[in-house]
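Reader: Hey, could you zoom in on one part of this model for me and then show how the rest of the chain looks around it? Please spell out the cut-offs as you go.

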Amino acid sequence: MDEPAHDPEPSRSPELDPTRLVGSTLLTFAVLVAAAAALGYWFRAPLLTTGLWFVETLGGPGIALGFFLPDAFALPIPNDAILGLGRAGHMPTAPLLAWAFGGGMAGGCTAWWLGRWLGRTASFRRFAAGRGAGLSRAMQRHGAAVVAIAALTPLPDSVAAWAAGSTGLSFRPFFVASLLRIVRIGAALQLIDLGLMSVT
């Protein structure tokens, strides 16, 4: 008797689930407010001191670098912590948002170019066919919409940018969709103000 057919790729990652993304976004924002409030309540003095040192020493370029590195290379640097340091150091809203947005956009564009290059390598193609299969399929089907979702949700911007470059999404729609990250940066700063600055 013939054996039943098996799925040739049983471990393929599922495509992005919009409901889960919305839920994870709301949860992330709630955790951000709670963490900011806790830090502001229990570590007010060292937090303000560190923030002032950060702003006085590194200033806007330090904010931009703190966004550029994780958005370009997926380094484990939390962007929201960089925003928190800028706010704790009393950097005004407009320059704080401008430096953060500029650094994030530069990082995202760098990641797109890296994706174009990595897409030609065998190791990245194996990743895209395995753990990254869900994101790769979503990018191939929905293109810039996935970049927009990454800009607005906790989906890592760098990974989405790599996927955009490696799957052949043109730079212009990628760039335009990436502009939406200003919405998330602004919302995160508002939540930091709500949590951190309300108790400091």
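Author: Sure: a helix here is a DSSP run of H or I at least four residues long, numbered from the N terminus (strands are E, at least two), and its expected span is 1.5 Å times one less than its number of residues. This is a predicted model, so local features need pLDDT of at least 70 and side-chain atom pairs 80 or more, while totals for chains, interfaces and linings use all residues. Residues count from 1 along each chain as its sequence is written, and side-chain values use heavy atoms, without hydrogens or water.

Let's zoom in on α3, residues 59-73. Its 15 residues reach 22 Å from first C-alpha to last, close to the expected 21 Å. Plenty of α3 is buried (under 20% relative accessible area, 1.4 Å probe, protein chains only). That buried set includes Gly59, Gly60, Gly62 and Gly66, along with Ile63, Phe67 and Pro70; Asp71 is in there too. Just past the end of α3, alanine 74 takes a positive phi of about 60 degrees.

Now zoom out. α3 belongs to a chain with eleven helices and zero strands, and 42% of its 200 residues count as buried. Take contacts (heavy atoms within 4.5 Å) between residues at least 6 apart in sequence: 82% join residues at least 24 apart.

As for the outside, the chain exposes about 10,800 Å² (Shrake-Rupley, 1.4 Å probe), with carbon and sulfur atoms supplying 68% of it. Over in α11, residues 181-197, you'll find isoleucine 182. At 33% relative accessibility, that isoleucine 182 counts as partly exposed, which means between 20% and 50%.
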